[in-house]
Structure formats: structure tokens, C-alpha cells
Amino acid sequence: MQRSFTDQLNREILINYPPKRIVSLVPSQTELLFELGLDQEIIGLTKFCIHPMEKFAERTKIGGTKKLNIQLIRDLNPDLIIGNKEENEQSQIEELMEDYPVWMSDIYTLEDAKKTIAQIGELVDRQPEASYLNHLISAGFNDLQTLAVQNGINKKVAYLIWKKPYMLAGRDTFIDNILALNGLSNVIKEKRYPEIKLNELAKLKPDLIFLSSEPYPFKEAHLEEIRAVVPEAKVMLVDGEMFSWYGSRLVKAVQYLFQLQKQLY
């Protein structure tokens, strides 16, 4: 049976429903698909789709999110490809769209993420499972917001994602929204992912500086370098997946963020 769906770029796609040969181009969405129970249907994923690891090892790797192996995807002959506007390259997505149904997400907030989970659940015939995940995510983040208010968390934060040059998560990003839901105000006013020098960051007087584990793998060695330039700030390593993965990992993010909040009282 064929069914029509509209993706988050307002494109209509026609798929054989339910899809049986799915290629996923984004790690967080790949993890979501496995969580929804699509063990047999997922035939291809990127080299960054590492969760769950045992599933990752068994699937064909079709390159990276920004550098897909188009011919390998063609060889897999998918009946559905699922990607994301920010994480995948437009030119490669447009090339795939010429021959395959490609459903694209476009996510900036937690509400966008929950909408995506619901829509992907419908797309792959897993609506009850998707609804349950959204129930857990909504309940967890409601509790996190309540705790942030009760404990008076109101701190200015800078969230670093890259080094050489230093880059931060700015406004109009999913990371910015997750920070705000936990009582944290982003010192960066620019949109997306601006570059910054450490002396410029010091002038913004953040209370906290988070060094993310991805996409740049910040380590303990980087803490002192930044503390030397911004000594007034508390500099911390954080798990980037808990701030930037917008699929089923949000359930695990709730517990992580709860523990993080306890360090900020």
C-alpha cells in the first residue's frame, strides 16, 4: 500500500507503507528507529550512528552525515531515507530525492523533537511506541523545569562545541533550547554556531562554560586552558549527546540533566 506523508520541509513524499528498507542518515534518529523496534527494517546508517552499538555493528555504513556514499545507498535500494536539514548536506539530499522518498526533519526545540518522534512513529507504523516515548520525555522535562525553578537555577552559560577556532552553540539551536529548559541563559546572542576567541568569551562573563564531548571531543586537558583565560567561570565537561541528540536519547538525558542541575544549586 502506498501512503503520502509531508516532511518538516513541507515536502510531500510517497512511500510503500509500512517501509521495509530504511536508510537513516542521522545518529539520534537512527537510535530512535531502533527504539521503536525496527530491527529488521533498518538496512543502512552512518558511521556516527553508534547507538545501540550491537545494532550499529550489524548494519551497512553509508559514510558520514556530511559525506554520504551515494552509490552505496543506491546499492541498498531503500524504500525510505530519513535525514535532517542541519546534519545532512543539501546537495546530497537533493540528489537522493531524485530517486528515493526522503523524509527530512528540521529541529530547533524540544517541542520540535517530540513532534518529530510522533511523525516518524506514524511514518514507520510505530505510533504507540512513539507516543509512549513522548510521554516519558514530556514528564521528565516538566520535572526538570520545575526543579530548576524551585532551586533557583539562573546562570549564564557558554556551550563550546569546537576548538581551532572555538565555536559555540548560539540562539536558534536545539542546544540553546535545552539549556533554557534547565534554567540556563545562553551568553551568546548570535544565531547558530558563531566563532569566538577566549578573551572575547571572558568579556561576556559567563557563570558556566560547558565543554561538549561532541562534535569536538573536549577532554580534561582543555579545562585549565580555558580556566586560565576565564577564571571567574565554572568550566565543566558535559556529554554532548544529552544536549544535542533529539530522539529517544532524550529519555536518558532527563536523568543526566537532573544530576547536572544538582551540581549547580
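Let me start with Ile93, a residue that sits in helix H4, residues 90–97; helices here are DSSP runs of H or I with at least four residues, strands are runs of E with at least two, and both are numbered from the N terminus. At 4% relative accessibility Ile93 counts as buried, a word that stands for under 20% relative accessible area, while exposed stands for over 50% and partly exposed for what lies in between, with a 1.4 Å probe and protein chains only. If we leave aside neighbours within four places in sequence, Ile93 is in contact with Leu25, Asn88, Val102 and Met104, where contact means heavy atoms within 4.5 Å. Met104 is eleven residues from Ile93 in sequence, and their C-alpha atoms are 9.1 Å apart in space.

Before I go on, please keep in mind that this is a predicted model, in which local features need pLDDT of at least 70 and side-chain atom pairs count only at pLDDT 80 or more, while totals for chains, interfaces and linings use all residues. Residues are numbered from 1 along each chain as its sequence is written, and side-chain values use heavy atoms, with hydrogens and water left out.

From Met104 we can step back to Trp103, which is found in strand E7, residues 102–105, and which is buried, with a relative accessible area of 1%. Not counting neighbours within four places in sequence, the contacts of Trp103 include Thr6, Ile13, Leu80, Ile82, Thr116 and Ile120. Phe5 is 98 residues away from Trp103 along the chain, and yet the two C-alpha atoms are separated by 8.4 Å.

Now to helix H1. How many of the nine residues of H1, residues 27–35, are buried? Eight of them are, so this helix is largely enclosed by the rest of the structure. The buried residues are Pro27, Ser28, Gln29, Thr30, Glu31, Leu32, Leu33 and Phe34. Just after H1, Gly37 takes a positive phi of about 95°.

Within H1, Gln29 has 1% relative accessibility and therefore counts as buried. Beyond its neighbours within four places in sequence, Gln29 is in contact with residues including Ser24, Asn84, Ser105, Thr116, Ile120 and Tyr246.

H1 also packs with helix H5, residues 110–123: their axes come within 11 Å and cross at roughly 50°, where the axes are lines fitted to C-alpha atoms, for helices over the stretch in contact, and angles run from 0 to 180 degrees between N-to-C directions. H1 and H5 are therefore oblique to each other, since angles under 35 degrees count as roughly parallel, over 145 as roughly antiparallel, 65 to 115 as roughly perpendicular and the rest as oblique. In this contact, Gln29, Leu32 and Leu33 of H1 meet Thr116, Ile117 and Ile120 of H5.

A second pair is H6 and H11, residues 249–262, which pack at an angle of about 15° with their axes 9 Å apart, and which are therefore roughly parallel to each other. Among the residues that meet here are Leu133, Phe141 and Leu144 in H6, and Leu250, Val254 and Phe258 in H11.

Phe141 brings us to the largest nonpolar core, which has 69 residues, and of these Leu25, Phe141, Phe210 and Phe243 touch the most other members; such a core is a set of buried Ala, Val, Leu, Ile, Met, Phe, Trp, Tyr and Cys residues joined through side-chain atoms within 4.5 Å. Helix H6, residues 127–150, gives the largest share of this core, namely six residues. As a general remark, nonpolar side chains tend to be buried together in soluble globular proteins.

Finally, some details of the backbone. Tyr17 and Pro18 are joined by a cis peptide bond with omega about -5°, and Pro18 lies in the loop between strand E2, 12–16, and strand E3, 22–24. Another cis peptide bond joins His51 and Pro52, with omega about -10°.

Is Asn10, in its loop, buried or exposed? Asn10 is exposed, with a relative accessible area of 70%; its phi is near 60°, a positive value in a residue other than glycine. Asp125, in the loop between H5 and H6, also has a positive phi, of about 65°, although it is not a glycine, and at 33% relative accessibility Asp125 counts as partly exposed.
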